[in-house]
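Student: I'm new to this one. Can you walk me through it?
Tutor: Sure. Have a look first, then ask away.

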Amino acid sequence: MGRVLGALGAVTVLLFGVGGSAGAEDGYRLWLRAEGGGADVTLPCDEPSETLTIARDELSAALPHGTVRFATSSCRGEGSPRLPRQRDVGEEGYRIAMDGEGYVITARSDVGALYGTYRLIRAVSTGEAMPEDGLTEQPAKRLRLLNHWDNLDRHVERGYSGESIWNWHLLPDYLDPRYTDYARANASIGINGVSLTNVNADATVLTPPFIEKVAALAGVFRPYGIKVYLTARFSAPIEIGGLETADPLDGEVAAWWKAKADEIYAAIPDFGGFLVKANSEGQPGPQDYGRTHADGANMLARAVEPHGGIVMWRAFVYSAEEPEDRVKQAYTEFVPLDGKFADNVLVQVKNGPLDFQPREPFSPLFGAMPKTPLLAELQITKEYLGFATHLSYLGPLWSEALTADTHARGKDSLVADRVDGLAGVANIGTDRNWSGSQFAQANWYAFGRLAWDPKAEPEAIARDWVRQTFTDDAEAVDRIVGMMMRSREAVVDYMTPLGLTHLMGTGHHYGPAPWVDDLGRADWTPYYYHRATKDAVGFDRTESGSDAVSQYHEPLASQWNEVETTPEELLLWFHRVPWDHEVKDGSTLWQSLVAHYDRGVAEVQAMRETWAGLEGKIDEDRYAQTADFLAIQEKEARWWRDASIAYWQSVNGLDLPEGARPPEHDLAWYKAQSFPYAPGN
Ligand code: BDP
């Protein structure tokens with residue numbers, strides 16, 4: 001039996017568009033909207049840390065009444081409750097209990113108490129029932145990281161929410177209060193590290209003036225339990241160090257990095273380490289000198305190791321030559337290096353083998369490097385899913401990847417259990433609402449929650465987010481959560497159904513362009529991925545094709561090698577299939593494809609209707625922006641459907657299935673469309 005944690009009374013959620021420190025509700029406050037101001041919170045020590053002071057202030061501000069007492073290793077007094085055991089809460093966990101007097105939050109570390117604070121605020125805001133014997137929790141993963149792809153000129157690569165929030169010009173002298181709000185939002189969902197700069201890195205960030213700026217940010221984040229990391233440009237020793245080479249086996253190069261690490265740690269003693277993109281998409285790397293990824297990573301790892309730092313080495317690589325099958329490449333390059341990386345190196349692997357598509361199978365690397373610590377990289381910013389405008393809740397996409405079974409060590413070898421942490425490519429910028437749209441905030445939130453617990457239910461996370469962000473009204477919550485839960489599949493349906501992939505516009509990746517077949521490299525074109533001809537469509541990755549299936553363990557390799565046993569949602573990813581192939585529901589592939597496009601468009605229409613029914617239940621500004629964005633999404637879902645169908649018909653010469661609406665324009669019209677202005681890369 002549970003007791004409602006909110007027994008003290010539901011937290012007042014700001015009324016529609018009125019009052020509150022932020023004026024009319026505009027999304028700035030994210031999911032942290034609880035307003036109480038009446039709780040009596042005590043810290044049993046004279047000089048509480050900054051972290052505990054934050055925890056106290058958060059609770060006093062959020063809870064309407066009642067008392068909360070704390071105890072941590074650094075702050076306990078006579079009569080303080082016992083601290084929880086290390087094995088129950090680790091370094092970052094907490095225990096929340098209720099006794100006759102009120103709530104009691106105990107933790108071993110202060111940051112654990114801060115996490116307990118945000119957990120209690122969430123529980124009270126959502127009316128969650130607490131077990132009689134309290135709540136004892138700790139993160140499942142030690143590394144819960146945001147990766148910003150922010151350039152030093154404040155342009156955000158693949159960012160759709162304004163400029164970079166890092167104002168390098170005014171740092172370190174001016175600390176924008178937004179940095180604190182950012183840290184607070186991240187801590188509230190358990191994020192404990194942020195890489196500040198783009199993986200397409202600029203060595204300038206490693207120069208003394210920038211180290212000072214980074215140190216200032218680190219100072220703001222520290223009390224919130226957040227470490228800073230930087231991207232390291234592999235050729236930095238040449239660009240800013242005056243060396244002639246960046247060869248990782250060159251003694252001077254290694255010494256340069258060691259001295260650089262020492263310099264950074266002198267300014268930022270808890271610096272997290274380096275994130276590296278090397279020998280990928282033109283970035284420099286060890287292969288420029290005939291060395292391996294392991295040679296490069298280990299050299300950097302030795303530089304940060306004495307300070308407790310780590311190196312996150314990305315497995316998103318492309319070779320200079322065009323591969324026979326691009327999705328096989330990371331595996332081909334990295335699997336032979338398993339066991340060769342230093343202990344403080346983690347290989348960071350994108351969830352799928354291609355590139356953050358609306359749907360991909362999980363990356364086979366998760367099942368193939370048993371001796372190497374791995375991080376899963378997810379993209380919060382929606383580069384391939386309609387940017388910030390399209391409502392697409394990514395919880396289900398990520399959960400699909402994290403709960404995938406690699407079968408590496410028999411059944412139940414889940415990706416989630418294999419990784420040491422999650423890295424999410426951030427969707428945060430200077431927009432007032434941080435993420436470019438109200439619903440894009442849900443993906444930031446869900447990322448944090450899944451990094452804390454990769455097996456958490458995306459629907460439960462969505463429910464918490466809606467209650468914390470929008471409303472308590474049970475019916476409204478159900479309707480919004482319903483929309484969110486179907487939204488990712490809707491995008492798959494109107495963009496790339498049945499295992500199709502990478503059909504987006506060149507460069508910016510916005511809108512349909514399946515007809516493009518002549519870019520600098522074949523594996524940049526949509527045609528490379530669908531290979532449609534008059535007779536068939538899809539990429540043959542079976543044993544008789546590129547044999548990418550053999551990168552997976554049994555029984556997946558065999559299942560995915562056969563059309564009949566491949567899940568329909570991945571059909572054209574693994575197989576080249578005739579247009580008249582009969583799919584499971586008895587229709588032909590062509591009929592099924594058109595039905596999927598129609599379903600995607602219909603789902604967006606349904607989302608619009610659902611949202612329209614919530615008018616008056618959601619504060620005005622956030623209601624209106626979302627309504628407008630859903631209208632854009634519907635228009636663009638039709639565009640995707642119509643342009644795609646017009647193109648497929650030009651290739652297969654087939655009539656539309658009976659009853660299907662013809663595309664609004666002919667193919668030439670879609671091809672001639674200049675894309676609506678879309679932020680580039
Ligand atoms: C691709 C993006 C590109 C990134 C690259 C990466 O289009 O902007 O630099 O991923 O992850 O999806 O390195």
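**A first walk through the model**

Tutor: Start with Ser235, which is in the loop between strand E12 (227–231) and helix H6 (236–239). Helices (H or I, at least four residues) and strands (E, at least two) are DSSP runs, numbered from the N terminus. This is a predicted model, where local features need pLDDT of at least 70, side-chain atom pairs count only at pLDDT 80 or more, and totals for chains, interfaces and linings use all residues. Residues are numbered from 1 along each chain as its sequence is written, and side-chain values use heavy atoms, with hydrogens and water left out.

Student: Okay. Is Ser235 buried or exposed?
Tutor: Ser235 is buried, at 8% relative accessibility. Buried means under 20% relative accessible area, exposed means over 50%, and partly exposed is in between (1.4 Å probe, protein chains only).

Student: What does Ser235 touch?
Tutor: Ala246 and Pro284, leaving out residues up to four places away in sequence. Contact here means heavy atoms within 4.5 Å.

Student: New topic. Which residues are closest to the ligand?
Tutor: Glu157, Lys277, Arg314, Asp355 and Glu383. In total, 14 residues surround the ligand. To count as near, a residue needs a heavy atom within 4 Å of it.

Student: How far is the side chain of Glu157 from a ligand oxygen?
Tutor: An N or O atom in the Glu157 side chain is 2.4 Å from an oxygen atom of the ligand. For Asp355, a polar side-chain atom lies 2.6 Å from a ligand oxygen. For Asn200, the distance from a side-chain N or O atom to a ligand oxygen is 3.0 Å.

Student: Now helix H10. Why is it called largely enclosed?
Tutor: Helix H10 covers residues 395–402, and 7 of its 8 residues are buried, so the rest of the structure largely encloses it.

Student: Which ones are buried in H10?
Tutor: Gly395, Pro396, Leu397, Trp398, Ser399, Ala401 and Leu402.

Student: And what covers them?
Tutor: The cover includes strand E16 (374–379) and strand E17 (421–425). It also includes helices H11 (415–418), H12 (440–452), H13 (458–469) and H14 (474–495).

Student: Switching to rings. How many aromatic pairs are there?
Tutor: The count is 39. Rings of Phe, Tyr and Trp (its six-membered ring) pair if their centres lie within 6.5 Å; planes under 30 degrees apart are stacked, over 60 edge-to-face, and the rest tilted. Take Trp166 and Phe221: their ring centres are 5.9 Å apart and their planes at 55 degrees, so that pair is tilted.

Student: Where do those two sit?
Tutor: Trp166 is in the loop between strand E10 (143–147) and helix H4 (177–188), and Phe221 is in helix H5 (residues 208–221), so the pair ties together parts 55 residues apart in sequence. Both Trp166 and Phe221 are buried.

Student: Got another pair?
Tutor: Tyr528 and Phe539 are edge-to-face, with 5.7 Å centre to centre and 70 degrees between the planes. Tyr528 is in helix H15 (residues 526–530), while Phe539 is in the loop between strand E18 (536–537) and helix H16 (556–561). Both Tyr528 and Phe539 are buried. The ring of Tyr528 also has the charged end of Arg531 over it, 4.8 Å from the ring centre.

Student: When does a charge sit over a ring?
Tutor: When NZ of Lys or CZ of Arg is within 6 Å of the ring centre and within 35 degrees of the ring normal. Lys350 does this over Phe316, at 3.3 Å from the centre.

Student: Last topic: how many salt bridges are there?
Tutor: The count is 44. The rule asks for a side-chain nitrogen of Lys or Arg within 4 Å of a carboxyl oxygen of Asp or Glu. Arg608 and Glu634 form one, at 2.8 Å, N to O. Arg608 is in helix H18 (residues 589–612) and Glu634 in helix H19 (residues 620–652), so the pair ties together parts 26 residues apart in sequence.

Student: Are those two buried or exposed?
Tutor: Arg608 is partly exposed, at 35% relative accessible area. Glu634 is buried, at 10%.

Student: Which residues link up in a salt-bridge network?
Tutor: Arg359, Glu400, Arg488, Glu489 and Glu569. Within it, Arg488 and Glu489 have their closest N and O atoms 3.9 Å apart. Arg488 is buried, at 3%, and Glu489 is partly exposed, at 27%.

Definitions and conventions:
A polar contact is a pair of N or O atoms within 3.5 Å; within protein, one must be able to donate a hydrogen and the other to accept it, and residues adjacent in sequence count only if both atoms are side-chain atoms.
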